[in-house]
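Please open the structure in a viewer and keep the selection tool at hand. The tour below moves from the whole chain to single residues.

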Amino acid sequence: MDAAVATATVGGDMRKAPSHASITEQDAFDDLSRLLDKPRLNIERQRSFDDRSMSEFSIGGNIKAGMDGYDAVYSPGIISGLDTPLSSARNSFEPHPMVGEAWEALRRSLVYFKGQPVGTIAAYDHASEEVLNYDQVFVRDFVPSALAFLMNGEHEIVKNFLLRTLLLQGWEKKVDRFKLGEGVMPASFKVLHDPNRGIDTVVADFGESAIGRVAPVDSGFWWIILLRAYTKSTGDITLAESAQCQKGMRLILSLCLSEGFDTFPTLLCADGCCMIDRRMGVYGYPIEIQALFFMALRCALSLLKHDAEGKEVIERIVTRLHALSYHMRTYFWLDFQQLNDIYRFKTEEYSHTAVNKFNVIPDSIPDWVFDFMPSRGGYFIGNVSPARMDFRWFALGNCVAILCSLATPEQSTAIMDLLEERWEELIGETPMKICYPAIESHEWRIVTGCDPKNTRWSYHNGGSWPVLLWLLTAACIKVGRPQIARRAMDLAESRLLKDGWPEYYDGKLGRYVGKQARKFQTWSIAGYLVAKMLLEDPSHLGMISLEEDRLMKPLIKRSSSWTC
Ligand code: GLC
């Protein structure tokens with residue numbers, strides 16, 4: 001692929017939207033009502049989960065008085081010098097000594113294009129013998145960095161990143177002789193500086209250089225989610241409403257909303273197309289992608305303009321959201337009752353009356369899940385496809401499901417219950433496990449293709465990833481259980497700085513710095529800062545959380561643990 005010399009289109013004036021013009025989920029709700037031709041119910045809005053969780057916070061002084069924590073556009077404080085983290089300045093308590101160190105490390109990872117910050121590199125680990133692609137700006141890795149900057153009132157870098165990656169989307173993408181879809185967003189990019197000619201060049205990877213040559217399905221979703229976070233945080237609707245952003249969103253969505261042979265509303269994926277970016281048996285319909293898909297659809301719904309082109313996409317989104325929420329809440333959800341039902345499934349059922357729709361053979365249920373499943377609690381399992389249920393727990397998908405309200409309030413509560421009941425297994429000593437349990441022996445050989453990096457309880461195979469702390473914290477706050485996040489935060493603070501911000505930890509409890517973990521992994525640093533700022537000021541949650549949509553309420557209640 002040619003490394004195109006990209007022109008800097010960043011900048012432009014930023015218009016502060018009047019608060020009534022800001023995007024809200026109520027607007028999205030209106031869209032749904034209108035499109036479904038249902039009369040708009042004049043329901044008085046209940047306190048959102050965000051609001052409720054905020055009022056339960058004991059840390060005083062930071063919550064903006066009278067603020068509707070959900071719909072209000074967060075107005076950042078005065079932007080001070082680049083080196084001063086506003087979050088700690090706002091905090092009436094002594095900031096934790098790690099906070100300053102983390103900001104310094106985060107700023108060290110900044111990447112510039114023509115003098116403008118456009119992202120952060122994946123890891124700043126010069127001690128490591130191999131750089132591989134850790135010197136690149138990964139789209140998914142930049143999300144916690146972006147949120148930290150937004151929470152700190154530094155918006156420009158996020159805007160630059162969104163525009164820069166949008167330009168990359170416009171490139172022709174090819175693997176050998178095969179052309180990728182127009183909407184595909186890069187997994188990562190790199191800025192090359194030529195000091196002699198004074199030229200900056202961008203090179204990007206859409207999967208054609210990645211291990212396994214898999215395109216990152218999550219990148220486009222994270223891009224849309226970040227665009228909403230930016231809009232929500234700044235009140236600047238001009239960026240999202242610009243013709244190029246509207247087109248960017250439409251292109252991403254048209255990749256996922258096109259009609260084909262699908263019989264499920266979930267998105268069919270290759271192994272390794274998300275945070276777990278190598279073979280780990282997550283092919284099919286992985287929870288991480290389904291949750292991000294759902295969240296991106298909802299974010300897009302609130303950002304797309306109702307012009308001729310937008311309208312058509314909006315209609316497709318609405319239809320898909322309904323089908324997707326039903327499918328996920330019904331078939332991916334597992335709790336004690338549901339497990340018992342599957343255990344008693346009859347097989348070879350044909351026709352519409354089938355209870356065991358996907359012909360899951362009860363003998364395929366792994367032994368561990370029977371012991372693991374508490375009587376209180378539940379979670380979205382890893383994958384559901386014909387005769388295959390992947391019962392593993394995946395942290396990212398479950399946290400995102402809570403944040404975008406793919407999980408019903410009862411399911412969100414049940415996920416929190418599970419985390420408490422299975423703390424050792426899912427959080428361990430360094431929050432938190434990417435998935436549980438690890439696969440070993442023969443299964444490891446078959447599933448990972450003997451991947452030496454993904455040995456049991458390491459890396460993607462049951463390793464513990466500090467970056468997940470921000471997702472856990474956000475989810476806990478949304479559900480009104482911040483004490484779980486605080487407990488995890490205490491654990492993280494006892495290790496992360498001392499260990500040099502590793503990429504991941506190994507072992508059943510996550511006690512050991514990962515075998516091949518990078519140090520000064522940017523998203524470990526940024527994830528810590530985001531979690532910290534969320535706990536200090538829960539009103540930040542609105543950037544990355546979506547309220548439950550009443551029209552997507554489940555039709556059936558599956559078991560009693562939903563209502564506990
Ligand atoms: C690893 C992770 C991936 C991450 C990348 C850069 O490949 O699996 O999720 O984006 O490193 O940090």
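## The whole chain

Begin with the entire chain selected: of its 564 residues, 62% count as buried. Please bear in mind that this is a predicted model. Colouring by secondary structure will show 20 helices and 13 strands. A surface view displays the exposed area of the chain, about 22700 Å², of which carbon and sulfur atoms supply 53%. Contacts may be drawn next: among those between residues at least 6 apart in sequence, 73% join residues at least 24 apart.

## First stop: strands β6 and β7

Select residues 188–194, which form strand β6, together with β7. The two strands pair in the antiparallel sense over seven bridges. To see one pair of facing residues, pick Leu-192, which stands opposite Thr-201 in β7.

Now follow the chain from one strand to the other. β6 and β7 make a hairpin with four residues between them, and in this turn Gly-198 has a positive phi of about 65°. Then select β7 alone, residues 199–205. This strand is mostly covered, as five of its seven residues are buried.

## Second stop: strand β10 and its partners

Select residues 388–394, strand β10. How many of its seven residues are buried? The count is seven of seven. Showing the side chains reveals two sets: Arg-388, Asp-390, Arg-392 and Phe-394 point one way from β10, while Met-389, Phe-391 and Trp-393 point the other way. Residues of both sets are buried. In a regular strand, side chains alternate between the two faces of the sheet.

Add residues 378–385, strand β9, to the selection. β9 and β10 run antiparallel and are joined by four bridges. Here Val-384 stands opposite Met-389 of β10. The hairpin of these strands has two residues between them, and Ala-387 takes a positive phi near 55°.

The other partner to display is strand β11, residues 435–436. β10 and β11 pair in the antiparallel sense, over two bridges. Select Phe-394 of β10 and Cys-435 of β11 to see two bridge partners.

## Third stop: helix α17

Move on to residues 441–448, helix α17. Which residues of this helix are buried? Trp-444, Val-447 and Thr-448 are. These residues lie on the same side of α17, because they cover an arc of only 80° around the axis. An α-helix has 3.6 residues a turn, so residues three or four places apart point the same way.

Turn the view to the other side of α17, where His-442 and Ile-446 are exposed. Continue just past the helix to Gly-449, which takes a positive phi of about 70°.

## Last stop: two cysteines

Finally, select Cys-299 and Cys-404. Why do these two not form a bond? The sulfur of Cys-299 is 8.2 Å from that of Cys-404, its closest cysteine sulfur, and this is too far for a bond. Starting from Cys-404, the closest cysteine sulfur is likewise that of Cys-299. Cys-299 counts as buried because its relative accessibility is 0%, and Cys-404 is also buried, with a relative accessible area of 0%. A search for disulfides across the structure returns zero.

Notes. Residues numbered from 1 in each chain as written. Heavy atoms only, no water. Buried < 20%, exposed > 50% of the residue type's maximum accessible area, 1.4 Å probe, protein only. Arc of directions from axis to C-beta. Pairing = 2+ DSSP bridges. Contact = heavy atoms within 4.5 Å. Areas by Shrake-Rupley, 256 points an atom, 1.4 Å probe, with all protein chains shown as cover. Disulfide = S-S within 2.5 Å.
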